[in-house]
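Trainee: I would like to take a close look at a single part of this model and then see how the surroundings fit around that part. Please go slowly and keep the pieces connected.

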Amino acid sequence: MAQVADSAQRHVVLKGAANFRDLGGYETKDGHHVKWGEIYRSADISKLTDSDLAVLKSRNIDYDVDLRGHQEAAQAPDRLNPGMDYILLPAGSDGMNWMKTISHLKGHGGDSLMIAYYSNTDSLALRYKPFFDKLLGLPAGNALVFHCSAGKDRTGIGAALLLYALGVPYQTIMNDYLASNYYRKDVNSKMTGQMAAMHIDPEVAKGMMGVRKEDLDATFNAINKRYGSVDIYLRTQIGLDDAKIAALKKKFLE
């Protein structure tokens with residue numbers, strides 16, 4: 001996958017965060033490309049080191065969109081450079097207790113749980129409309145990072161909707177989503193071991209830590225079924241009319 005082949009340019013190697021990568025470089029259906037160095041996706045950034053913060057500063061990452069719930073954010077606050085713009089978008093995340101939910105599951109039981117999670121579109125607009133608003137209002141010369149805890153589910157859906165709005169083909173969107181398995185490989189191995197020590201079924205742990213094509217498909221299928229199409233959803237629920245889609249493309253494509 002290109003997302004792995006170009007990892008030297010895409011992957012931002014940090015000591016205190018995993019799965020931190022640039023969303024640039026992807027080709028759209030009409031031959032444009034997403035600009036490098038404008039939008040980044042990541043996992044939890046509460047443990048960034050001073051040298052990590054220097055990397056963010058050097059890349060002009062001055063905007064942070066946190067997709068976690070109130071409790072997650074309070075327990076592990078983002079470590080940011082002074083003056084960074086921060087917004088918490090907790091819709092649909094409060095009250096989630098994955099460990100308690102999966103503790104009794106066996107085998108592929110976690111797969112069904114993830115499909116159910118990805119098929120629930122109730123909170124998506126509340127979560128991602130302000131995200132798109134931040135992108136549309138991003139000052140020239142500034143970059144933005146958006147993240148959740150693992151940087152794969154809430155962040156993965158956000159990245160998918162953004163890339164779709166920019167006109168990136170679905171297969172490329174899916175490849176970006178699945179690349180979390182590569183960029184989280186070491187973290188996933190460590191976390192799976194920790195979950196096994198907590199008597200969580202190894203297959204369930206492995207499934208919960210990774211991402212699968214079926215999961216993101218479930219979100220897009222649910223949107224298509226409920227709203228008619230992803231384009232209609234972006235227009236009616238996220239507020240991306242033709243003018244805003246054009247502005248988004250002008251801002252982030254070349």
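Trainee: Leaving aside its neighbours within four places in sequence, which residues is Leu-253 in contact with?

Mentor: Bear in mind from the outset that this is a predicted model. Once the neighbours within four places in sequence are left aside, Leu-253 is in contact with Thr-28, His-32, His-33, Val-34, Lys-35 and Leu-166. Leu-253 itself sits in the segment after helix 15, and its relative accessible area is 9%. Because buried means under 20% relative accessible area, Leu-253 counts as buried. The pairing with Gly-24 shows how far along the chain such an approach can reach, for the two residues are 229 residues apart along the chain, while their C-alpha atoms are separated by 8.9 Å. For the chain as a whole, among contacts with a separation of 6 or more, 73% are between residues 24 or more positions apart.

From Leu-253 one can step back into helix 15, residues 242-252, whose axis comes within 10 Å of the axis of helix 7, residues 124-136, the two crossing at roughly 55°. Helix 7 and helix 15 are therefore oblique to each other, and helix 7 passes helix 15 in a left-handed crossing. On the side of helix 7 the contact is made by Phe-132, Leu-135 and Leu-136, and on the side of helix 15 by Lys-244, Ala-247, Leu-248, Lys-251 and Phe-252. Sorted by character, the residues of this contact comprise six nonpolar, no polar and two charged.

Phe-132, one of the helix 7 residues in that contact, leads on to the nonpolar interior. Not counting residues up to four places away in sequence, Phe-132 touches Leu-161, Leu-162, Ala-165, Ile-238, Leu-240 and Leu-248. Leu-162, which is found in helix 8, is buried, with a relative accessible area of 0%. The C-alpha atoms of Leu-162 and Phe-132 are separated by 7.8 Å, although the two residues are 30 residues apart along the chain. Seen from Leu-162, and again leaving aside neighbours within four places in sequence, the contacts are Leu-23, Ile-39, Phe-131, Phe-132, Leu-135 and Leu-248. Leu-248 thus appears in the contacts of Phe-132 and in those of Leu-162.

These residues belong to a wider picture. The largest nonpolar core has 48 residues, of which Tyr-128, Phe-131, Phe-132, Leu-135, Phe-146 and Leu-162 touch the most other members. Helix 8, residues 154-165, gives the most to this core, with seven residues. Apart from that core lies another one, of 13 residues, among them Leu-14, Leu-53, Ala-143 and Val-145. In soluble globular proteins, nonpolar side chains tend to be buried together.

Ala-143, named as a member of the 13-residue core, also takes us to Asn-60, which, with its neighbours within four places in sequence left aside, is in contact with Gly-141, Asn-142 and Ala-143. Asn-60 and Asn-142 are 82 residues apart in sequence and 5.3 Å apart in space, C-alpha to C-alpha. Asn-60 lies in the loop between helix 3 (50-58) and strand 3 (61-66), and it has a positive phi of about 60° although it is not a glycine. Asn-19, in the loop between helix 2 (7-10) and strand 1 (21-22), likewise has a positive phi, near 60°, in a residue other than glycine. Their exposure can be set side by side: Asn-19 counts as buried at 0% relative accessibility, whereas Asn-60, at 36%, counts as partly exposed.

A further helix pair can be set beside helices 7 and 15. Helix 9, residues 170-178, and helix 13, residues 213-227, pack at an angle of about 130°, with their axes 10 Å apart. That angle makes helix 9 oblique to helix 13, and helix 9 passes helix 13 in a right-handed crossing. Tyr-170, Ile-173, Met-174, Tyr-177 and Leu-178 of helix 9 meet Lys-213, Asp-215, Leu-216, Asp-217 and Phe-220 of helix 13. The residues of this contact divide into seven nonpolar, no polar and three charged.

As for the overall setting, the chain has 15 helices and five strands, and buried residues make up 50% of its 254 residues. Leu-253, where we began, counts among the buried ones.

Conventions:
Residues are numbered from 1 along each chain as its sequence is written. This is a predicted model: local features need pLDDT of at least 70, side-chain atom pairs count only at pLDDT 80 or more; totals for chains, interfaces and linings use all residues. Side-chain values use heavy atoms; hydrogens and water are left out. A nonpolar core is a set of buried Ala, Val, Leu, Ile, Met, Phe, Trp, Tyr and Cys residues joined through side-chain atoms within 4.5 Å. Buried means under 20% relative accessible area, exposed over 50%, partly exposed in between (1.4 Å probe, protein chains only). Helices (H or I, at least four residues) and strands (E, at least two) are DSSP runs, numbered from the N terminus. Contact means heavy atoms within 4.5 Å. Axes are lines fitted to C-alpha atoms, for helices over the stretch in contact, and angles run from 0 to 180 degrees between N-to-C directions. Angles under 35 degrees count as roughly parallel, over 145 as roughly antiparallel, 65 to 115 as roughly perpendicular and the rest as oblique. A crossing is left-handed if the near helix is turned anticlockwise from the far one by less than a right angle, and right-handed if clockwise. Ala, Val, Leu, Ile, Met, Phe, Trp, Tyr, Cys and Pro count as nonpolar, Asp, Glu, Lys and Arg as charged, and the others, Gly among them, as polar.
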